[in-house]
Amino acid sequence: MAVQTQSTTEDLTDLPPEIAATLQAEPPHPDLELVERAKAGDTSAFEQLVRQYDRQIFRTAQHITQNREDAEDITQDVFFKAFQKLDQFQGNSKFSTWLVRIAVNESLMRLRKRKTSKTVSMDQDVQTDEGSIPRDFAEWRPNPEQNYSQSELAEILRKTIAGLPPGFRTVFTLRDIENLSTEETAEALGLSVPAVKSRLLRARLQLRERLSRYFRKTKEGSK
Amino acid sequence: MNCTDFLAKLTDYFDGQIIDAELLAEVKEHLGTCHHCEVVVDTTRKTIDVYRGHQPYEFPEELSERLRAAVMTRCKASVSK
């Protein structure tokens, strides 16, 4: 068996298709070993998982809640809940997707408690046609962000994404910033793939429309 | 293909998920002849790139360490109960 696992793809062509497919299957994700160790009581393994995903969870929470203190609390709560519910993680999805799902739920719950946002559900916001039809057809400068300092640019990006409904900015955050696949985003949010695609299109177009006022070419060609 | 049809395929086009060669050819043909859609594609791509390249929220190592320490304290306390 040891020889087979070291076989090259070329060698596999001589094997029956079902066996070759098994051998070519992706190796288990390294997180699974850490999860199993953590389930067995190894807290250092869980700490390694926290180290790997704290940035992603914090940013996801901050994008959804738009509040730094909330994002800090949520990050702590997400990992603590994950630790307590490790036995419920069956490995059917990536561990990171499972964490993101908890983070999204915690973040939306936090928004509901704050009640400063009109819409706090992934199921809302979908009736609006705002931004789904492009209106601004101005070209942008080649590297538009270079006309702003780091802090100016960060402020523009924060302000712009904050203007999106939570359901849209959550999809954009997971899919385009955190680089989850469409399927992983759907799983994390409890949405269908077509629903994710629809929200993603609107989120992208709305952000594009709003950023255009900062990044468009001017007649003078300057900022 | 008109602009509305093109827009409906935009997400799949960006994500490289238009498998049907005929449909992909139609999308590309529209893109080659419609300046408005060309601008929308270019500026939408830049929108995604600018967010990917410039995280607006800082997450310094000090914050990471503080949060991790707090999480692990809670986890260990829950185990010892």
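1. Is A:P27 buried or exposed? A:P27 is exposed, because just 7 other C-beta atoms sit within 10 Å, and a residue counts as exposed at 12 or fewer. You'll find A:P27 in the loop between α3 (17-24) and α4 (30-39) of chain A. For a sense of distance, take A:Q66, which is 39 residues from A:P27 along the chain: their C-alpha atoms are separated by 37 Å. Do keep in mind that this is a predicted model, so every value here is computed from it.

2. On the overall make-up of chain A: there are 11 helices and 0 strands, so read the pattern along the sequence simply as α-α-α-α-α-α-α-α-α-α-α. Of the 223 residues in chain A, 39% are buried. Looking at contacts in chain A between residues at least 6 apart in sequence, 68% of them join residues at least 24 apart.

3. Chain B is helical too, with 5 helices and 0 strands, running α-α-α-α-α from the N terminus. What stands out is the radius of gyration: chain B has 23 Å, where a compact globule of 81 residues would have one near 12 Å. The spans of the C-alpha trace along its principal axes are about 65 × 25 × 15 Å. Buried residues come to 20% of the 81 in chain B.

4. Now the domains. Chain A is divided into domain 1 (27-114) and domain 2 (118-223). Across the boundary, 14 residues of domain 1 are in contact with 15 residues of domain 2. On the domain 1 side, the elements giving two or more residues are α5 and α7 (95-114) of chain A, and α7(A) gives the most, with 7 residues. By class, that side of domain 1 has 5 nonpolar, 6 polar and 3 charged residues.

5. The largest nonpolar core has 57 residues, and those with the most contacts inside it are A:L99, A:A103 and A:V171. α11(A) supplies the largest share, 9 residues. Why does this core lie between the two domains of chain A? Domain 1 and domain 2 both give residues to the core, so that is where it lies. As background, nonpolar side chains tend to be buried together in soluble globular proteins.

6. A:L99 deserves a look of its own. Leaving aside neighbours within four places in sequence, A:L99 is in contact with A:Y53, A:I57, A:V78 and A:A82. One of these, A:I57, also makes a handy reference point for A:E72: the two are 15 residues apart in sequence and 9.5 Å apart in space, C-alpha to C-alpha. A:E72 is found in helix α6 of chain A. A:E72 counts as partly exposed because it has 17 C-beta neighbours inside 10 Å, while a buried residue needs 20 or more.

7. If you only click on one helix, try α9(A). That helix is mostly covered, with 12 of its 12 residues buried. Among them are A:F168, A:V171, A:F172 and A:L174, but also A:R169, A:R175 and A:D176. What do the buried residues of α9(A) pack against? Their partners are α5, α7, α8, α10 (182-189) and α11 of chain A, together with α4 (35-53) of chain B. Just after α9(A), A:N179 takes a positive phi of about 65 degrees.

8. A record-based point next. UniProt, in an unreviewed entry, places the feature "domain: RNA polymerase sigma factor 70 region 4 type" at residues 155-207 of chain A. Over that stretch the model is 81% helix and 0% strand, and the end C-alpha atoms are 14 Å apart.

9. Finally, the contact between the chains. How many residues does each chain put in? Chain A gives 39 residues and chain B gives 29. On the chain A side, α5 (43-65), α6 (68-84), α8 (150-162), α9 (166-177) and α11 (193-215) give two or more residues each. α5(A) gives the most, with 10 residues. The class split for the chain A side is 19 nonpolar, 7 polar and 13 charged residues.

Notes:
Residues are numbered from 1 along each chain as its sequence is written. Chains are lettered from A and ligands numbered from 1 in the order in which they are written. This is a predicted model: local features need pLDDT of at least 70, side-chain atom pairs count only at pLDDT 80 or more; totals for chains, interfaces and linings use all residues. Two residues are in contact if their C-beta atoms, placed from the backbone, lie within 7 Å. Helices (H or I, at least four residues) and strands (E, at least two) are DSSP runs, numbered from the N terminus. Ala, Val, Leu, Ile, Met, Phe, Trp, Tyr, Cys and Pro count as nonpolar, Asp, Glu, Lys and Arg as charged, and the others, Gly among them, as polar. A nonpolar core is a set of buried Ala, Val, Leu, Ile, Met, Phe, Trp, Tyr and Cys residues joined through C-beta atoms within 7 Å. Domain bounds come from an automatic or database domain assignment. UniProt positions are given in the numbering used here, feature names are shortened, and annotations may be inferred rather than shown by experiment. The radius of gyration is taken over C-alpha atoms; the globule rule is 2.2 Å times the number of residues to the power 0.38.
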